[in-house]
Amino acid sequence: MAEDTIFARIVRGEVPATIVYRDDMVTAFRDIAPVAPTHILIVPNRTIPTLNDLTADDAALIAHMVLTAQRLAQQEGIAESGYRVVINCNPQGGQSVYHLHLHLIGGRKMSWPPG
Ligand code: AMP
């Protein structure tokens, strides 16, 4: 069923995760396979499969996701050193879980372009 991604199950508390923040719109938890010292995923509590599925009605939600990343970067102590915020979309974008999520990655120097 479309609602039943691993992230939907984390949001519902059915699957354990290291949750660092939650409110009525989003849940943020540590990535299970971190690619940097800080690697947090910020997900909407409501399942939205990909970035392609966002509409103008979701403007407040996506703004809230980005502002949550900004605040968590401060909290993690990486705001000044720098960090990256990423949304992967569909296969060529590297998306593996089809529940919209924003990666907050930091704590080490990163290269560009991504592989
Ligand atoms: P993406 O490739 O952009 O779809 O990212 C999915 C991310 O979810 C990957 O970085 C995975 O390591 C992470 N992930 C998958 N399952 C879990 C889980 N149960 N708890 C935390 N992170 C997970």
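This passage describes the helices, selected residues and pockets of a predicted model.

The helix α2 spans residues 59–76 and thus comprises 18 residues. From its first C-alpha to its last, α2 reaches 26 Å, close to the 26 Å expected at 1.5 Å a residue. Its buried residues are L61, M65, T68, A69, L72 and A73. Viewed down the axis of α2, these buried residues fall within an arc of 140°, so they line one face of the helix. The general geometry of such helices is relevant to this pattern. An α-helix has 3.6 residues a turn, so residues three or four places apart point the same way. The face of α2 that is turned away from the buried side carries the exposed residues A60 and Q74. On the buried side, the residues of α2 pack against five strands, namely β1 (19–22), β2, β3 (38–44), β4 and β5. The helix is followed by G77, whose phi is positive, near 80°.

One of the strands against which the buried residues of α2 pack is β3, and I40 lies in this strand. I40 has a relative accessibility of 0%, and the residue therefore counts as buried, since the term applies to values under 20%. Apart from its neighbours within four places in sequence, I40 is in contact with V20, A28, F29, R30, D31, L72, E76, L102, H103 and L104. Among these contacts is L72, which is itself one of the buried residues of α2. The C-alpha atoms of I40 and R71 are separated by 12 Å, while the two residues are 31 residues apart along the chain.

A further residue examined was V35, which is placed in the loop between β2 and β3. Its relative accessibility is 45%, and V35 therefore counts as partly exposed. When residues up to four places away in sequence are not counted, V35 touches I105 and R108. Between V35 and G13 there are 24 Å in space, C-alpha to C-alpha, and the two are 22 residues apart in sequence.

I6 is placed in helix α1. With a relative accessible area of 38%, I6 is partly exposed. Its contacts, again not counting residues up to four places away in sequence, are with V15 and V97. I6 and V97 are 91 residues apart along the chain, yet their C-alpha atoms are separated by 7.6 Å.

Two details of backbone geometry were also noted. N90 is found in helix α3, which covers residues 90–93. The phi of N90 is near 65°, a positive value in a residue other than glycine. N90 has a relative accessibility of 27% and therefore counts as partly exposed. The other detail concerns W112 and P113, which are joined by a cis peptide bond with omega at about 0°. P113 lies in the segment after β5.

Attention then turned to the pockets. The largest pocket has a volume of about 360 Å³. Its lining is formed by 14 residues, of which R84, V86, N88, I105 and P114 lie nearest its centre. One of these residues, I105, is also touched by V35. Two strands, β4 (83–86) and β5 (102–106), each supply at least two residues of the lining of the largest pocket. The most is given by β4, with three residues. By class, the lining of the largest pocket consists of seven nonpolar, five polar and two charged residues.

The second largest pocket holds about 290 Å³ of space. It is lined by 19 residues, and those nearest its centre are F7, F29, D31, I32 and L41. F29 and D31, which belong to this central group, are also among the contacts of I40. Both α1 (6–11) and β2 (26–30) supply at least two residues of the lining of the second largest pocket. The largest share, three residues, comes from α1. Sorted by class, the lining of the second largest pocket has ten nonpolar, seven polar and two charged residues.

Notes: Residues numbered from 1 in each chain as written. Predicted model: local features only at pLDDT ≥ 70, side-chain atom pairs only at ≥ 80, totals over all residues. Heavy atoms only, no water. 1 Å grid on protein atoms, 1.4 Å probe; cavity = no way out; pocket = protein on both sides within 12 Å on 5 of 7 lines; lining within 4 Å. Points joined across faces, edges and corners; volume = space filled by probe spheres on them. Helix = DSSP H or I, 4+ residues; strand = E, 2+ residues; numbered from the N terminus. Nonpolar A, V, L, I, M, F, W, Y, C, P; charged D, E, K, R; others polar. Expected span 1.5 Å × (residues − 1). Buried < 20%, exposed > 50% of the residue type's maximum accessible area, 1.4 Å probe, protein only. Arc of directions from axis to C-beta. Contact = heavy atoms within 4.5 Å.
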